[in-house]
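I set out today to look up one pocket and a few ring contacts, and I keep my notes here in the order in which I checked them.

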Amino acid sequence: MVGFSMQPYGIQSMLKEGHRHLSGLEEAVLRNTDACKQLSTITRTSLGPNGMNKMVINHLDKLFVTNDAATIMNELEVQHPAAKILVLAAKAQQEEIGDGANLTVSFAGELLHNAEELIRMGLHPSEIITGYTKAINKTIEILEALVHKGSETMDVRDKDEVISRMRSSVASKQFGQEDMLCPFIAEACIQVCPKNPANFNVDNVRVSKLLGGGLHDSRVVRGMVLKMDALGTIKRIEKAKVAVFSAGVDTTATETKGTVLIHNAEQLENYAKTEESKVEELIKAVANSGARVVVSGASVGEMALHFCERYKLMVLKVSSKFELRRICRATGAVAMLKLGLPDAGDLGYVDSVSVEEIGGSRVTIVKNEQGGNSISTIVLRGSTDSILDDLERAVDDGVNTYKAMCRDSRIVAGAAATEIEIAKRLKEFSFKETGLDQYAIAKFAESFEMVPKTLAENAGLNAIEIIASLYAEHASGNTDVGIDLDEGVCKDVSAMNIWDLYVTKFFALKFAADAACTVLRVDQIIMAKPAGGPKRDPPTGMDDD
């Protein structure tokens, strides 16, 4: 009997074999929403000050213990194409504001969870998208109405105002430590704030993590902290000029190869001496220019170091070119390519350069007190690497919040007060709508309950009671009532001093709604067969700096 094989038909015949094709509500839409829900359940338990930590081990075996959603998203290698859309939304939020990635993912997941219920009730995804679009536009209107009066203008150099806006974002990473961390972050940010605050550069606030001690040993340094020792014997210099050489301080080898014929011993001695005198001449030129600190971007030769010692020059070797640029920015120096007499305009100035020992590691502290607001460093102390990493993330969030408040200082009530008020007003708005999209708007309003519910659950409180009493307070006109997680009761936010930035909320909700609508718009998934052959590693990125 002749082997009989059935010919593929329909979409099967059109595509290569080995492809996968999923279509329709069951296969495509609900599968996608399910994947996104799974992703948001991971981050949701990390939302808010009582959020739990996640232990993530990435493909390089590096361990992360954190409740920072942006880090978790980055390190989880999400494969599912729909869940990747949520990851991209979180990354967009991280790029735009630097905080609020968790709200973006959790809220998008909640929207999709509610959309799934609507689809099972028989609504078409396009009706849900229309409803969600109307709802997000209305939400933005409501959010603007909820802005705290008088917060439109602020003095970004007023420490207390900065701390009040920064507290909630730092507390969500390091609950209980925010009163110690916020003053550090605020002080460091205010030091480097330029004349026009809109030009604030996040990179100017550095973090130096040193093992040992505790958070109370941390401090802010006006200048830079380099994790290394000075090369020579001179360990401290004050009020000095700085010369920066990016190519290193060493005798340069010639580009071309040359042969030297030496006939007798005298010539051999002179040959070595000429090299010596040449190096001395170069170092003497640097010393005569008034520079007393030499920063080298590459190796420092033995002979060059010897002459630097003789002319009382302090030598620092900085191998990272990013650090070298920052030193130039902090001191106002211009990096020179090769060793030689520097121009007076190329020299920088420091108030003091000193080598100190902090917790067993030697660090060089480059201070520039009155030299303008170029760079400031927060020296963090902690007992383990993972604690230090998490503290650094909290500092990053604080600095990013400062940048956001320099652009737009408006604030809304924190502690889930804003979310409940939006939910209440959106529900009222949905009753006025006719047509099927009113159900989608009502579900959108319901999704906001996720925030107080999660905050209460993470703090071990009874979520249903909390939400009910929040609604009761808001119905009687107290729009600023939120959850006090310490006591487990509802309180006025202004008494607890918990405020969130308007821009953080605005972008987080906008990105979440956009991501949810994008996922709902998909009705077919067509996957080609993965290419064969060995898997290639993606190109590695730049170093940590």
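Before listing which elements line the pocket, I note that helices (H or I, at least four residues) and strands (E, at least two) are taken as DSSP runs and numbered from the N terminus. I also keep in mind that this is a predicted model.

Entry one, the pocket. I looked up the second largest pocket and found a volume of about 800 Å³. Of the 43 residues that line this pocket, I noted Gly48, Pro49, Ser168, Ser172 and Asp500 as the closest to its centre. I then went through the lining by element, and found that at least two residues each come from the helices α3 (69-75), α5 (101-121), α7 (159-171), α12 (385-407), α15 (450-458) and α18 (502-521), and likewise from the strands β15 (481-484) and β17 (499-501). Which element gives the most to this lining? I found that α7 does, with five residues. Sorting the lining residues by character, I obtained 19 nonpolar, twelve polar and twelve charged.

Entry two, the rings. I found eight aromatic pairs in the structure, and one of them joins Tyr132 and Phe444 edge-to-face, at 5.4 Å centre to centre and with 70° between the planes. This pair links distant parts of the chain, since Tyr132 sits in helix α6 (residues 125-145) and Phe444 in helix α14 (residues 437-447), 312 residues apart. Are these two residues buried or exposed? I recorded both Tyr132 and Phe444 as buried. I also saw that ring pairs link Phe107, Tyr132, Phe444 and Phe448 into a cluster.

Entry three, a charge over a ring. I noted that Lys62 lies over the face of Phe64, at 4.7 Å from the ring centre.

Methods: Residues are numbered from 1 along each chain as its sequence is written. This is a predicted model: local features need pLDDT of at least 70, side-chain atom pairs count only at pLDDT 80 or more; totals for chains, interfaces and linings use all residues. Side-chain values use heavy atoms; hydrogens and water are left out. On a 1 Å grid over the protein atoms alone, a cavity is a set of points where a 1.4 Å probe fits but cannot get out, and a pocket is an open set with protein on both sides within 12 Å along at least five of seven lines; lining residues have an atom within 4 Å of a point. Grid points are joined across faces, edges and corners, and a volume is the space filled by probe spheres set on the points. Ala, Val, Leu, Ile, Met, Phe, Trp, Tyr, Cys and Pro count as nonpolar, Asp, Glu, Lys and Arg as charged, and the others, Gly among them, as polar. Rings of Phe, Tyr and Trp (its six-membered ring) pair if their centres lie within 6.5 Å; planes under 30 degrees apart count as stacked, over 60 as edge-to-face and the rest as tilted. Buried means under 20% relative accessible area, exposed over 50%, partly exposed in between (1.4 Å probe, protein chains only). A charge sits over a ring if NZ of Lys or CZ of Arg is within 6 Å of the ring centre and within 35 degrees of the ring normal.
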